Amino acid sequence: MLHVQNLSGGYDKKHPAVHDVSFQVEKGSFFALLGPNGSGKTTIIRLLMGVIPISSGGALLDGKPIDRYSSVELAQKVSVLSQENQMGLDFTVEEIVALGRYPYQAKRLFHEESETDREAVKEAMKLTHLDSYKSKPFISLSGGEKQRVLLAKALAQEPELIILDEPTNHLDIKHTLEILDLLKKLQKEKNLTVLAILHDLNIASIYADALGMLKQGKLIQISEGFLKNDEELLRKVYETDLHIAAHPEMAKMQVSFMPRQQITSKRVSTSPFSVNEEKDRLILQFDSQLRTLALGKDGDGLAWSAGMMCTNIISNAEVPEHYIRWEYPESSIECIQEDLLGSSCILMKHWDGAEVHLALFTEFPLSDIDLMNLSISITESRMKLYPVSMTGRIVVGTDRSKRKNKTDEMKKVFLEELKIWVLAKVQNLR
Ligand SMILES: Nc1ncnc2c1ncn2[C@@H]1O[C@H](COP(=O)(O)OP(=O)(O)OP(=O)(O)O)[C@@H](O)[C@H]1O
């Protein structure tokens, strides 16, 4: 539908804000333009809409150069929701939405409103849940409500292509998802094509069919979604430490950011683990929440945990929130704490007369995959020493809060060392 070809231009002829940008937005698809502040996202839209002059290259809209469309023709095909939501006059919500019908009224002698216009306005207000705002003055609305009104205006225009500059600006999470779900619905049901500037990488990853990443006026990557391999690229573009991991429920990747403050913060204690023993329980408390993997009887898989509470079965003690529960019978739990290659590690083990249970926590930062592999290798070590029927619970955990610059090589050496340590400690447990 929209083919942008070697587009360059901006505000200063000598220094164009956008250089040689090419991308395609297929009909009925959702293309997200991403990039840090000042990278040229809005400028691309301004160039496409003829607000500022193109210095070279251009764009085809349904095969015709976009600058050959008259403004009314263009407005019947494309609507734009820009960042500026300051409307000068004191219009009501309905009047603002009705402005979206102007391209259809422009050619009529008295610009009169038709039944189709009224229906389109009504439908757009219904879709954006604005029925009850109909008579309210636009200027009396909150930033988020104004944004919804402007989206309704853009939808009343019944475009084939909708261009949105940060459509979820000012919106809370409920309204953000509502707007994007609506766009997705229109994309599916009406074959609407969407080109949106989004700042939230995770929202873009969930909703967009294609992502275009801009840096300093250049489009440096177009992809169908983020991959684990994009971490380095995103770190450079956003100059921020971040990590990419799978969404817990969807086949989409999500980006999580690491605050600088914590990365450089100094250690306050020598170990991130503290152990308190009371008469019928043993409480292991973590400095900050650890990423844990609990497998076996009652294990609840991957979680963020604040600690582990080992309770004697007969005590029925209440386990605090975000604590792993570990029940044990009369036998005692052995707890070994050691520094391995400068990282504090703690191993808890017990033999309940039938099964061997192990919990291993380390402050070395590991990924979810590392935790899974670690639990597999602990299971294997245990199976070398004890019959399969004795395999009880396994819990492994890692501290990602003080993530230091650990290389893959350091991780490999650490994991090897850890496995040897665990194997040595679980011998003669019975
Ligand atoms: N009206 C203007 N006059 C001169 N330079 C401008 C103007 N608007 C933007 N620029 C410059 O053009 C470059 C690209 O700006 P643009 O607004 O396209 O970035 P953006 O990616 O949309 O940023 P943001 O995420 O902050 O909205 C920036 O260096 C900016 O300073």
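# Exercises: a ligand shell, two sheets and a helix pair

The shell around the ligand divides into 2 nonpolar, 8 polar and 1 charged residues. Ala, Val, Leu, Ile, Met, Phe, Trp, Tyr, Cys and Pro count as nonpolar, Asp, Glu, Lys and Arg as charged, and the others, Gly among them, as polar. The model is predicted: local features need pLDDT of at least 70, side-chain atom pairs count only at pLDDT 80 or more, and totals for chains, interfaces and linings use all residues. Numbering starts from 1 along each chain as its sequence is written.

**Exercise 1.** List the residues around the ligand.

*Solution.* Apply the cut-off: the C-beta atom, placed from the backbone, lies within 6 Å of the molecule. Gly-10, Tyr-11 and Ala-17 are among the residues found. Gly-35, Asn-37, Gly-38, Ser-39 and Gly-40 also belong to the shell. So do Lys-41, Thr-42 and Thr-43. For the complex, the predictor gives an ipTM of 0.97 and a pTM of 0.67.

**Exercise 2.** Trace the sheet of 4 strands and find its edges.

*Solution.* Strands are DSSP runs of E, at least two residues; helices are runs of H or I, at least four; both are numbered from the N terminus. Two strands pair if DSSP finds at least two bridges between them. The sheet is open, with the order β2-β1-β4-β5 and antiparallel pairing. β2 (18–25) and β5 (64–65) are the edge strands, each pairing on one side only. Next, take β4 (residues 54–61): 2 bridges join this strand to β5. In one of these places, Leu-60 has Pro-65 of β5 as its bridge partner. Now add the helix. α1 (residues 41–48) packs on the sheet and touches β1 (2–9), β2 and β4. Contact means C-beta atoms, placed from the backbone, within 7 Å. The direction of α1 makes about 75 degrees with that of β2. Such angles run from 0 to 180 degrees between N-to-C directions, with axes fitted to C-alpha atoms, for helices over the stretch in contact.

**Exercise 3.** Why is one side of β6 and of β10 left without a neighbour in the sheet?

*Solution.* Start with the order: 6 strands form an open, mixed sheet, β6-β7-β8-β3-β9-β10. β6 (78–81) and β10 (218–223) stand at the edges with a single partner strand each, so one side of each has no neighbour. From one strand to the next, the twist averages 15 degrees. Helix α6 (residues 143–156) packs on this sheet, touching β6 and β7, and its direction makes about 175 degrees with that of β6.

Check both senses of pairing. β7 (residues 161–165) and β8 (residues 193–197) run parallel over 5 bridges. Ile-162 partners Val-194 in β8. β9 (residues 210–215) and β10 run antiparallel, joined by 5 bridges. Leu-211 stands opposite Ser-223 in β10. The hairpin of β9 and β10 has 2 residues between the strands, and Gln-216 takes a positive phi near 45 degrees.

**Exercise 4.** Describe how α11 and α12 pack.

*Solution.* Helices α11 (residues 368–385) and α12 (residues 408–425) meet at about 35 degrees, their axes 10 Å apart. From α11, the contact uses Leu-374, Ser-377, Ile-378 and Ser-381. From α12, Leu-415, Lys-419, Val-422 and Leu-423 take part. By class, the contact has 5 nonpolar, 2 polar and 1 charged residues.

Technical notes
Contact = placed C-beta atoms within 7 Å.
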